[in-house]
Amino acid sequence: MFGFSLRPRKASASTAKERLQILLAHERSGCGGARPDCLPQLQREILNVIRRHMQIGDEAIDIRMERGDELSSLEINIEFPGKLGLN
Amino acid sequence: MSKNLTLEDPLGKVIVVTSGKGGVGKTTTSAAISAELARRGHKTVVIDFDVGLRNLDMIMGCERRVVFDFINVIQGDAKLKQALIRDRRLEKLAVLPTSQTRDKDALTKAGVETVLEELRQEFDYIICDSPAGIERGAQMAMHFADEAIIVTNPEVSSVRDSDRVLGLLNSITDRAGKADADPIRAQVLITRHDKARVNSGEMMTVEDVLEVLAVPLLGIIPESKAVLRASNLGVPVVLDAPSAAATAYEDAAGRLIGDQIEMRIAADPRRGLLQRLFRRAV
């Protein structure tokens, strides 16, 4: 309301610590993509499954990930040509 | 109809941020300069060349979104487009993270060249964040560069290492090896400059450093609390609250792309009375 608050802003150091804890938990556990070949392999396998049914190129797949504290999400987008090339 | 020829998009420029010595501010500089270039409307990508010790992702604040990396692209496990992380704050900015698990031998000259060629087609500026040292990773980061930013602290070991790196830029890079190519344009960026200590004679002056290195000056970044805060938050310093460091990086990015900006040593804004009374945390 007055443009400033009587309480101090959350110090940036605590943000730094939280970010490190989340990241290092993922890196140490080896899940969530820290294993070097897990995601390329996942990508190849997904492409192979889709290709059993449709014609898609190598670049048609896009994998995005968001690692969270409690929950991580994996978003997989597959683009098809204008008309579905069903086999 | 020669006009039509000029309409073609020119290829992007590759700029390496290097230093030799570690801990002088290469990654902070890479993040700040690339964010400022993108904010000015230039399509910019920043690449982490520190294979095995990735850190640019943390400084850029995209560490939780890394899926594929530079090495996956070089080895054909992912397409470039899949490895590029689009910045959520600036539409024209992208990050290409490096691998945390491989070693520096995974960088091949041919692989790096192919990726840079592809990036030159899409981006106006390609900023290469070099690892410390002068070994393979650092050499790969500088090899295909058109320009170099040498990050130097006004301190003896840093200046000495910068001189060594300048020697490498002029001897082992692609441009150095081609008779018909212009040499790499190298400029020094002085970081952690402390005006009070310079005035009291405890720290070398900018002129001292330039006299020793004999290369043009790109900018002077003052010692500033804003740098640690930005790194804590995962925000390039130019995108965080106004600070002397942010202003200095904005000026340096402007000069890098040819703006005439007077050299100045910015000072952090003094806190207002209320802020000081309530000791707002930074």
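**Chain A, its interface with chain B, and salt bridges**

Me: What share of the contacts in chain A with a separation of 6 or more comes from residues 24 or more positions apart?

Reply: Such residues account for 44% of those contacts, a contact being heavy atoms within 4.5 Å. This is a predicted model, in which local features need pLDDT of at least 70 and side-chain atom pairs count only at pLDDT 80 or more, while totals for chains, interfaces and linings use all residues; side-chain values use heavy atoms, without hydrogens and water. Residues are numbered from 1 along each chain as its sequence is written, and chains are lettered from A and ligands numbered from 1 in the order in which they are written.

Me: Which pattern does chain A follow along the sequence?

Reply: The pattern reads α-α-β-β, made up of 2 helices and 2 strands. Both kinds of element are DSSP runs numbered from the N terminus: H or I over at least four residues for helices, E over at least two for strands.

Me: And how much of chain A is buried?

Reply: Of its 87 residues, 26% are buried. The classes follow relative accessible area: buried is under 20%, exposed over 50%, and partly exposed in between (1.4 Å probe, protein chains only).

Me: Turning to the interface, how many residues does each chain contribute?

Reply: Chain A and chain B each give 31 residues to the contact. The area buried between them is about 3,000 Å², with 47% from carbon and sulfur atoms; buried area is the accessible area (1.4 Å probe) that two parts lose on being put together, summed over both.

Me: How many residue pairs are in polar contact there?

Reply: The interface has 14 such pairs, both residues at pLDDT 80 or more. A polar contact is a pair of N or O atoms within 3.5 Å; within protein, one must be able to donate a hydrogen and the other to accept it, and residues adjacent in sequence count only if both atoms are side-chain atoms. On the side of chain A that touches chain B, the elements giving two or more residues are α1 (12–29), α2 (38–51) and β1 (61–66). The largest share, 9 residues, comes from α1(A).

Me: How many salt bridges are there over all chains?

Reply: The count is 23, a salt bridge being a side-chain nitrogen of Lys or Arg within 4 Å of a carboxyl oxygen of Asp or Glu. A:Arg19 lies in helix α1 of chain A and B:Glu63 in the loop between α3 (56–60) and α4 (70–74) of chain B, so this pair joins two chains. Their side chains meet at 3.0 Å, N to O.

Me: Are those two buried or exposed?

Reply: A:Arg19 is buried at 8% relative accessible area, and B:Glu63 is buried at 3%.

Me: Within chain B, which residue forms a salt bridge with B:Arg39?

Reply: B:Glu250 does, with the closest N and O atoms 3.1 Å apart. B:Arg39 is in helix α2 (residues 26–39) and B:Glu250 in helix α13 (residues 244–256), so the pair ties together parts 211 residues apart in sequence. B:Arg39 is partly exposed at 40%, as is B:Glu250 at 25%.

Me: What about B:Asp259 and B:Arg40?

Reply: Their side chains meet in a salt bridge of 2.9 Å, N to O. B:Asp259 sits in the loop between α13 and α14 (273–278), and B:Arg40 in the loop between α2 and β2 (44–48), 219 residues apart. With B:Glu36, B:Arg39 and B:Glu250, these two residues are linked in a network of salt bridges.
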